[in-house]
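Load the model in your viewer and keep the sequence panel open beside it. The tour below goes from one selection to the next.

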Amino acid sequence: MLCYRRLIHRARRETGPLPSLTGIIAMNPSACLHIDQQLLSENVRLLQALCQRQGVELIAVVKAGCGLEGIARAVLAGGCGMLADSRLDNIGRLQQAGVDAPMVLLRLPSPSHADAVVRLADISLNSEYDAIEALHLAALRQGRVHRIMLMVELGDRREGVVPAQLPTLVERLRPLGGVRVVGIGSNFGCLGGVRTTVTNLSELVRCARDVEARLGYRLEHVSGGNSGALPLLLQGRLPAGINQLRVGFSMLLGRNPYTDEPLPGLHTGVFELEAELIEIQTKPSLPEGEVVLDAFGQVPHFEDRGPRIRGIVGLGRLDTDLATLRPADPRIEVIGASSDHLILDLTRSGPHRIGERIRFVPGYGALVQAMLSPYVCKQFRQPALTAEPVPARWPLPASPWRR
Ligand SMILES: Cc1ncc(COP(=O)(O)O)c(C=O)c1O
């Protein structure tokens, strides 16, 4: 039985102070994404402790950071030694920034990227013979052996070979000396919304034992999925044999992906989006005139609540995802947004003033889009943790791996 409280205290203590450097990545007066590296490090530290207790290796999925060095450094400061991303561009950016950690490529590699995959990724996830053969040839050209994890499709219907085809794939891979199968894995909840369970993870372990028998050696990694596996881990119900998890969502947002409830001991405030109020006016809640398709191809519907105090902040659909954006003040309601304007109902929360900064808690979609928006500045809260002075503009600096 885990002593949860003790682990939390120890995780907080061990995180310790981080070196002090302030990072302002791009300046924009209107909208800003604040990133608290200390809280992120503490989340990593706790997850790492929970995983270690059960003999599970934690892989930190940093893809929502879009290659931002400070996110990776906070994860490493939290004690997790292996990072994962779905994009080679991000892995290349992190390496160019001097982030020195083994990197897992999560998205199945395109054969045309095989050389870069072998050069940049320590492990890649795979399900297709042709892509693996391309990696094998690239590895031979580079005088290396590339490590691969085979993905098995166990119900979510995204990537992975179906279990019945796994033996055939493994047999075909045996002669390929440029690659070594070091693990097998599966992913749940991302397409079909399928929950990670004892049943589907036990099937993964059964597949792993079968692959080991065919290859004649023990697999290093049996990778039982993503944040969706954490509830099982916390209940101590992860099937024996699962020895790795790849976690992004819960590490970054501190929440249970199935319920969106905070996970005990994890911080939910690593990220905060802030934008300035640029209009405050009392207006009727219903549009006036003939209502047709809006700019995004939808016919909008509004409830008649009479005149309301409405605010506009300088944030729009170009910058974030409305569906997963929550005002920090629960009395503020989101009415809607167009490309550049986010409309709020401020009737219950006032008084407000023009220029005031309204704070939002981003969900995963809102976070990724804000991270990607060049119009949203990214600012590390004190103390910031970067090896080098941060670049003046973010995101999308030149991709280093396409050379
Ligand atoms: C293959 C794979 N593993 C793990 C993850 C991490 O998932 P989550 O962010 O839900 O923990 C993802 C998605 O980011 C993924 O595509």
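What follows is a series of selections in a predicted model, beginning with the whole chain.

**Whole chain.** Colour by secondary structure: the chain holds 11 helices and 16 strands. Of its 403 residues, 46% count as buried. Taking contacts between residues at least 6 apart in sequence, 68% link residues at least 24 apart.

**The core.** Next, select A60, V75, L135 and I184. In the largest nonpolar core, which has 109 residues, these four touch the most other members. Helix α2, residues 37-53, supplies the largest share of this core, with 7 residues. Now colour domain 1 (36-253) and domain 2 (271-380) separately; both contribute residues to the core, so the core lies between them.

**Around A60.** Which residues does A60 touch, leaving out those up to four places away in sequence? Show V44, V75, C80, L83, A84, V247 and M251: these are its contacts. V75 appears here again, being one of the four residues that touch the most other core members.

**Helix α6.** Select residues 129-141. This helix, α6, has 13 residues and spans 18 Å from its first C-alpha to its last, close to the 18 Å expected at 1.5 Å a residue. Show the side chains of A131, I132, A134, L135, H136, A138 and A139, which are the buried residues of α6. An α-helix has 3.6 residues a turn, so residues three or four places apart point the same way. To see what covers the buried residues of α6, add elements including α5 (114-120), β5 (123-126), β6 (146-151), α7 (166-173) and β7 (179-185). Then step past the end of the helix to G143, which follows α6 and has a positive phi, near 65°.

**The loop at G81.** Move to the loop between α3 (69-77) and β3 (83-85), where G81 is found. Is G81 buried, exposed or partly exposed? G81 counts as partly exposed because it has 13 C-beta neighbours inside 10 Å, whereas a buried residue needs 20 or more and an exposed one has 12 or fewer. Draw a C-alpha to C-alpha distance from G81 to Q48: the two are 33 residues apart in sequence and 9.8 Å apart in space.

**The ligand.** Finish by centring on the ligand, which 14 residues surround. Label N226, S227, R246, G248 and F249, the closest of them. Coloured by residue class, the shell divides into 7 nonpolar, 5 polar and 2 charged residues.

Notes:
Residues numbered from 1 in each chain as written. Predicted model: local features only at pLDDT ≥ 70, side-chain atom pairs only at ≥ 80, totals over all residues. Core = buried A, V, L, I, M, F, W, Y, C linked by C-beta atoms within 7 Å. Helix = DSSP H or I, 4+ residues; strand = E, 2+ residues; numbered from the N terminus. Domains from an automatic or database assignment. Contact = placed C-beta atoms within 7 Å. Expected span 1.5 Å × (residues − 1). Near = placed C-beta within 6 Å. Nonpolar A, V, L, I, M, F, W, Y, C, P; charged D, E, K, R; others polar.
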